[in-house]
Amino acid sequence: MKLTPYYDDPLFDYKQYWQARQYENRADQLALKRLLSLTPQAKKLIDIGVGFGRLTRCYHRHAAACTLVDPSQKMLDQTRQNCRRQKNLTLVKAFVENLPFPEASFDTAIMVRTFHHLKEPERALAEVARVLKPQGYLILEFANKIHFKAQLRAWLQGTVGRLHTLKPAPVGQERQTKVPFLNYHPQHVIRLLKKHRFQIIQTLSVSNFRNPICKKLLPLSFLLFLEKISQKPYAAFWPGPSIFILAKKADN
Ligand SMILES: C[S@@+](CC[C@H](N)C(=O)[O-])C[C@H]1O[C@@H](n2cnc3c(N)ncnc32)[C@H](O)[C@@H]1O
C-alpha cells in the first residue's frame, strides 16, 4: 500500500490542527473513556492510525501492553516524542489493511478518525477482526454522513433522498489534500461490522455542539457538560459529526 504524503508532509502540522479544537478533542476523549469503561482491562490493546498519540492517555492504563500503528513515519516519531513517559507502548509502522500480527493477537482495538481515510473499509474491518481475539472489543469512530448540519442542508436543497443512501460521501478536503476523506452513513458501518461478525454494544453521537456560534458563545466547560449528557441519548438519531461504536467480536 502507498500512503499519500499528507500526514508526512512537513508543511502539515496535525498537532496544530487540534489546538483550536479543544471541544472536539475533549468530546472524543469523553467518548473513548466511556466506551473503554464498558470493556474489561486488556492484556494487549492496539490503536490503529494513532497519529501523534493524542488519545494514548485515555487508554494506556487500560492495558498491560499497547501497540500503536500508523503508516506515517512522521506521526510515529511525534508519538514517540509525545508519549515517552508511557512505558507500555510499542510503535509499529503499518497500514490497517495489512497488519503485521498473527490472528487473535489483541483483546481490544481502537480506531479513531482513521476510518474516513480508508478506500477499502471492508478490507480494514476484516483485518481488524482477524487480529482481535474472539470476544475482543473494537472501538470505532467514523465521520457521520447524516449529521445535523448535513440533514438541514439536504432539506433546504431538496436532496434528502441522496443523503440517506448508504453510499459514502466524499468531503471537500479530498480535492485539496488528495487523501480520501469519506463520511459514512451509520447504518452502512453497522452493516459492515455485523458482516464481520461484530455485535454492536453501544453507539455514541459525538461533538454534537460543533458549531462556530456555540463554540464562540458558550464556555468550554458548559459545552462539555452538554456533550456529556447528549452523547448517549443523541445516538438514537445521530446528529453528531462523529460517531463512536463499541462492538464485540463473536465467539469464533
Ligand atoms: C486524522 S488522523 C487520526 C489520528 C488519531 N487516531 C487521533 O484521533 O488523533 C488519521 C491517522 O490515520 C493514519 N492512516 C491513514 N491511512 C491509514 C491506513 N490505511 N491505515 C492505518 N492508518 C492510517 C494517518 O497516518 C493518521 O495518523
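Q: How many helices and strands are in the chain?
A: This is a predicted model. Its chain has nine strands, and the helices number 11.

Q: In what order do the seven strands of the open sheet lie?
A: The pairing in this sheet is mixed. Its edge strands, each pairing on one side only, are β3 (89-93) and β8 (198-206). From one strand to the next the twist averages 15°. The order is β3-β2-β1-β4-β5-β9-β8.

Q: Which residue in β2 stands opposite A42?
A: Strand β1 covers residues 42-48 and strand β2 covers residues 63-70. The two pair in the parallel sense over six bridges. Opposite A42 stands A63.

Q: What angle does the direction of helix α2 make with that of β8?
A: Helix α2 (residues 22-36) packs on the sheet. It touches β5 (132-143), β9 (242-249) and β8. With the direction of β8, that of α2 makes about 150°.

Q: Which residues come nearest to the ligand?
A: There are 19 residues around the ligand. By class, this shell has four charged, five polar and 10 nonpolar residues. Those that come nearest are G49, G51, R54, S72 and V96.

Q: What is the radius of gyration of the chain, and why does it agree with a compact globule?
A: The C-alpha atoms fill a box of roughly 50 × 40 × 35 Å along the principal axes. Of the 252 residues, 41% count as buried. Because a compact globule with 252 residues would have a radius of gyration near 18 Å, the chain's value agrees: 18 Å.

Definitions and conventions
Residues are numbered from 1 along each chain as its sequence is written. This is a predicted model: local features need pLDDT of at least 70, side-chain atom pairs count only at pLDDT 80 or more; totals for chains, interfaces and linings use all residues. Two strands pair if DSSP finds at least two bridges between them. Helices (H or I, at least four residues) and strands (E, at least two) are DSSP runs, numbered from the N terminus. Axes are lines fitted to C-alpha atoms, for helices over the stretch in contact, and angles run from 0 to 180 degrees between N-to-C directions. Two residues are in contact if their C-beta atoms, placed from the backbone, lie within 7 Å. A residue is near a molecule or strand if its C-beta atom, placed from the backbone, lies within 6 Å of it. Ala, Val, Leu, Ile, Met, Phe, Trp, Tyr, Cys and Pro count as nonpolar, Asp, Glu, Lys and Arg as charged, and the others, Gly among them, as polar. The radius of gyration is taken over C-alpha atoms; the globule rule is 2.2 Å times the number of residues to the power 0.38. A residue is buried if 20 or more other C-beta atoms lie within 10 Å of its own, exposed if 12 or fewer, and partly exposed in between; C-beta atoms are placed from the backbone.
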